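Visitor: I should like to take a close look at a single part of this protein, namely its sheet. Please describe how that part is built and what packs on it.

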Amino acid sequence: MPTHGEKRVLPYTAEQMYDLVADVGRYPEFLPWNSAARVRRITPQPDGRDLMDADLVISFKVFRERFASRVWLDKEGQRIDTEYLDGPFKYLKSHWIFHPHPDGCEVEFFVDFEFKSAILQKVIGLVFNEAMHRIVAAFETRASALYTPQGQTPLA
């Protein structure tokens, strides 16, 4: 149903952007509509990736929903894939891919989901594109608060 894909070149390293997105427990500090996050466990996998099970609470107007997801963290491949486990969705899949770029890092984000509730689906449908842009922008703003852009000297 709703899908959103976006690519941006940001003046930070792929490693910095990967670390920022992988830090799910800190999402409530900067992501709109994310009122709580809990990392239940992180399990190293034989292939070098880590498997994270996490819960997020999304609050939007009168709606407050918790959902559980399984997150595949591939630090070496600079990729994060999320699959839905439990909550208000029929399904949810997303990924972040971080590519080194001469100006820093190309960040690729994609999400595809559908809510179980037709009412919630209609409400989100009205603001979906704006919401996705705000979420990606929130990561960009957070990166600017945490990191010095490539090629610039940190202020003393």
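Guide: The following account begins with the whole chain, proceeds through the sheet, and ends with individual residues.

The model is a predicted one. The protein has two helices and seven strands, and their order from the N terminus is β-α-β-β-β-β-β-β-α. Along the principal axes, its C-alpha atoms fill a box of roughly 50 × 40 × 25 Å. A compact globule of 156 residues would have a radius of gyration near 15 Å, and the 16 Å of the protein agrees with that value. Of the 156 residues, 44% count as buried. Among contacts with a separation of 6 or more, 50% come from residues 24 or more positions apart. The protein exposes about 8700 Å², of which carbon and sulfur atoms supply 54%.

The part requested is an open sheet of seven strands, paired antiparallel in the order 1-7-6-5-4-3-2. Strand 1 (3-10) and strand 2 (34-44) stand at its edges; each has a single partner strand, so one side of each is left without a neighbour in the sheet. On average, neighbouring strands of this sheet are turned by 15° against each other, direction ignored. Helix 1 packs on the sheet and touches strand 1, strand 3, strand 4, strand 5, strand 6 and strand 7. The direction of helix 1 makes about 160° with that of strand 6.

The pairings may now be taken in turn. Strand 3 and strand 4 are antiparallel and are joined by eleven bridges; Leu56 has Phe67 in strand 4 as its bridge partner. Between strand 4 and strand 5, also antiparallel, there are seven bridges, and Val71 is partnered by Thr82 in strand 5. These two strands form a hairpin with four residues between them, and Gln78 in the turn has a positive phi of about 55°. Strand 5 and strand 6 pair in the antiparallel sense over five bridges. The bridge partner of Ile80 is Trp96 in strand 6. The hairpin of strand 5 and strand 6 has two residues between the strands, and within this hairpin Gly87 takes a positive phi near 140°.

Two residues within the strands differ in their exposure. Glu65 is in strand 4 (residues 63-74) and counts as partly exposed because its relative accessibility is 30%, where the range for that class lies between 20% and 50%. Not counting residues up to four places away in sequence, Glu65 touches Leu56, Val57, Ile58, Pro88 and Leu120. Pro88 is 23 residues from Glu65 in sequence, and their C-alpha atoms are 6.7 Å apart in space. Ser94, in strand 6 (residues 89-101), has a relative accessible area of 12% and is therefore buried. With the same exclusion of residues up to four places away, Ser94 touches Ile80, Asp81, Thr82, Phe109, Phe110 and Val111.

The sheet also contributes to a nonpolar core. In soluble globular proteins, nonpolar side chains tend to be buried together. The largest nonpolar core here has 41 residues, of which Met17, Tyr27, Ile80, Trp96, Phe98, Phe113 and Phe139 touch the most other members. Two or more residues each are given to this core by helix 1 (14-22), strand 3 (50-60), strand 4, strand 5 (79-86), strand 6, strand 7 (104-115) and helix 2 (118-146). Helix 2 gives the most, with ten residues. Ile80 and Trp96, both among the members that touch the most others, have already appeared as bridge partners. Tyr27 touches Leu20, Val21, Asn34, Leu56 and Phe139, not counting residues up to four places away in sequence. Leu56 thus recurs among the contacts of Tyr27, among those of Glu65, and as the bridge partner of Phe67.

Finally, the loop between helix 1 and strand 2 holds Pro28. At 31% relative accessibility, Pro28 counts as partly exposed. Leaving aside neighbours within four places in sequence, Pro28 is in contact with Asn34, Ser35, Ala36 and Ala37. Pro28 and Ile58 are 30 residues apart in sequence, with a C-alpha to C-alpha separation of 9.4 Å in space.

How values were computed: Residues are numbered from 1 along each chain as its sequence is written. This is a predicted model: local features need pLDDT of at least 70, side-chain atom pairs count only at pLDDT 80 or more; totals for chains, interfaces and linings use all residues. Side-chain values use heavy atoms; hydrogens and water are left out. Buried means under 20% relative accessible area, exposed over 50%, partly exposed in between (1.4 Å probe, protein chains only). Contact means heavy atoms within 4.5 Å. A nonpolar core is a set of buried Ala, Val, Leu, Ile, Met, Phe, Trp, Tyr and Cys residues joined through side-chain atoms within 4.5 Å. Two strands pair if DSSP finds at least two bridges between them. The radius of gyration is taken over C-alpha atoms; the globule rule is 2.2 Å times the number of residues to the power 0.38. Accessible areas come from the Shrake-Rupley method with a 1.4 Å probe; for residues, only the protein chains shown count as cover. Axes are lines fitted to C-alpha atoms, for helices over the stretch in contact, and angles run from 0 to 180 degrees between N-to-C directions.
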